[in-house]
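Consider the model below. The exchange that follows asks on what grounds its descriptive terms are applied.

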Amino acid sequence: MKALVKQHAEPGLWLMDVPEPETGPGDVLIKVLRTGICGTDLHIRSWDGWAQGAVKTPLILGHEFVGEVAAVGADVQDIAVGDLVSGEGHLVCGKCRNCLAGRRHLCRSTIGLGVGRNGAFAEYVALPASNVWVHRTHVDLDVAAIFDPFGNAVHTALSFPLVGEDVLITGAGPIGIMAAAVAKHAGARNVVITDVSESRLEIARKAGATLALNVAEHDIAHAQKQLGLKEGFDIGLEMSGRPEAMRDMVANMTHGGRIAMLGLPAQEFAVDWAKIVTSMITIKGIYGREMFETWYAMTVLLEGGLDLSPVITGKYGYQDFDAAFDEAATARSGKIILDWTV
Ligand SMILES: [Zn+2]
Ligand SMILES: [Zn+2]
């Protein structure tokens with residue numbers, strides 16, 4: 001089968017013929033239809049410091065996908081050949097305290113699909129049945145391909161109740177934009193999103209943000225003034241990993257405000273802890289998706305009319321992966337889809 005492989009420990013990706021994945025009795029073999037390109041994949045292609053530490057070559061990349069079940073192992077129940085499926089890309093140990101308690105997203109020994117083991121940028125991918133999500137209601141194939149990052153957005157956005165609240169999102173990458181759409185759909189009053197990319201801010205406006213603020217021109221206090229807020233934001237969703245974004249967020253939170261933090265900082269940085277203490281701010285780190293509560297929430301949000309179409313801005317055949325990765329790396333685009341059926 002064709003697969004996008006990190007074949008050598010150097011920048012680049014290689015489209016190669018490789019053997020189809022082997023499956024055990026508890027596994028599902030999936031014919032991949034479409035995949036989404038993630039920041040993680042860009043790191044692995046460029047072979048930066050993080051990738052060099054996290055990846056052993058050769059490796060098939062990719063964790064965002066939708067596909068059709070091609071075969072199921074003898075022990076697999078309730079998943080049938082032909083089912084349309086996506087996959088939870090975090091494979092957990094099943095043995096640690098959190099796994100045993102059903103809090104699988106908190107597993108200490110998580111292995112990432114397309115990072116710690118072969119992934120979904122291929123014609124076929126194999127996954128344990130316990131990681132497979134069957135789409136039992138109609139879902140657009142491009143949207144189904146990005147259930148993984150959509151799950152990051154939903155997990156972060158719904159971390160704290162936000163009905164009627166004023167929500168600040170720092171970082172208008174695809175996950176930040178999806179979080180804005182989710183927050184608005186779920187009943188937030190104002191949803192302000194910040195970035196320095198005008199084209200991404202434009203996508204965020206289409207996705208339903210109340211105000212998309214270019215922080216190269218105005219700080220967040222300016223947005224408060226524009227919306228007539230007097231006491232600061234109730235909920236913060238940090239999606240950029242940037243120190244200046246976190247600092248500006250903390251400075252603009254209300255007393256008792258709550259911050260969910262998904263953006264991964266590249267290194268340690270200082271924030272105004274005295275302000276966090278005296279404003280009694282809660283900060284919660286977010287990683288991955290809750291299995292499978294977040295997946296349930298994603299499905300019902302879409303059923304309820306949530307529209308993610310503005311966030312998908314490019315589509316390529318898998319042979320054109322280099323152009324697709326280049327576009328995804330521009331920081332101007334939304335989500336870029338690779339089609340594996342062309
Ligand atoms: Zn991803
Ligand atoms: Zn575990």
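Q: Are cysteine 38 and histidine 63 buried or exposed?
A: In this predicted model, both cysteine 38 and histidine 63 are buried. The term applies because a buried residue has under 20% relative accessible area.

Q: What makes Cys38 and His63 donor residues of the zinc ion (ligand 1)?
A: The zinc ion (ligand 1) is coordinated by Cys38 through SG, His63 through NE2 and Glu64 through OE, at 2.1 to 2.4 Å. A donor must be an N, O or S atom within 2.8 Å of the metal, so these atoms qualify. Along the sequence the spacing of these donor residues is C-x24-H-E. Cysteine 38 and histidine 63 link distant parts of the chain, being 25 residues apart. Cysteine 38 lies in the loop between strand 3 (27-36) and helix 1 (39-46), and histidine 63 in the loop between strand 4 (59-60) and strand 5 (64-72).

Q: Why is the site of the zinc ion (ligand 2) called tetrahedral?
A: The angles among its four donor atoms are 101 to 118 degrees. Four donors count as tetrahedral if all angles lie between 85 and 135 degrees, and the site therefore meets the criterion. The ideal angle for four tetrahedral donors is 109.5 degrees.

Q: Which residues coordinate the zinc ion (ligand 2), and how are they spaced in sequence?
A: The SG atoms of Cys93, Cys96, Cys99 and Cys107 coordinate the zinc ion (ligand 2) at 2.3 to 2.4 Å. Their sequence spacing is C-x2-C-x2-C-x7-C. Of these residues, both cysteine 99 and cysteine 107 are buried.

Q: Which residues does UniProt list for "binding site"?
A: The unreviewed UniProt entry lists Ile175, Asp195, Arg200, Leu262, Gly263, Leu264, Ile286 and Tyr287. They do not all gather at one spot, because they span 113 residues in sequence and the farthest two C-alpha atoms are 23.1 Å apart.

Q: Why is glycine 263 called buried?
A: Its relative accessible area is 10%, and the term requires under 20%, so glycine 263 is buried. Glycine 263 is placed in the loop between strand 15 (253-261) and helix 10 (273-278). Not counting residues up to four places away in sequence, glycine 263 touches Glu238, Met239, Ser240 and Gly241.

Q: How do you know that isoleucine 286 is buried?
A: The relative accessible area of isoleucine 286 is 6%; because the limit is under 20%, isoleucine 286 counts as buried. Isoleucine 286 sits in the loop between strand 16 (282-285) and helix 11 (293-303). Neighbours within four places in sequence aside, isoleucine 286 is in contact with His155, Thr156, Ser159, Ala260, Met261 and Leu262.

Terms used
Residues are numbered from 1 along each chain as its sequence is written. Chains are lettered from A and ligands numbered from 1 in the order in which they are written. This is a predicted model: local features need pLDDT of at least 70, side-chain atom pairs count only at pLDDT 80 or more; totals for chains, interfaces and linings use all residues. Side-chain values use heavy atoms; hydrogens and water are left out. UniProt positions are given in the numbering used here, feature names are shortened, and annotations may be inferred rather than shown by experiment. Helices (H or I, at least four residues) and strands (E, at least two) are DSSP runs, numbered from the N terminus. Buried means under 20% relative accessible area, exposed over 50%, partly exposed in between (1.4 Å probe, protein chains only). Contact means heavy atoms within 4.5 Å. Donors are N, O and S atoms within 2.8 Å of the metal (3.2 Å for Na, K and Ca); water is not among the atoms, so sites may look incomplete. Four donors count as tetrahedral if all angles lie between 85 and 135 degrees; four count as square planar and six as octahedral if opposite donors are over 155 degrees apart and all others between 65 and 115; anything else is irregular.
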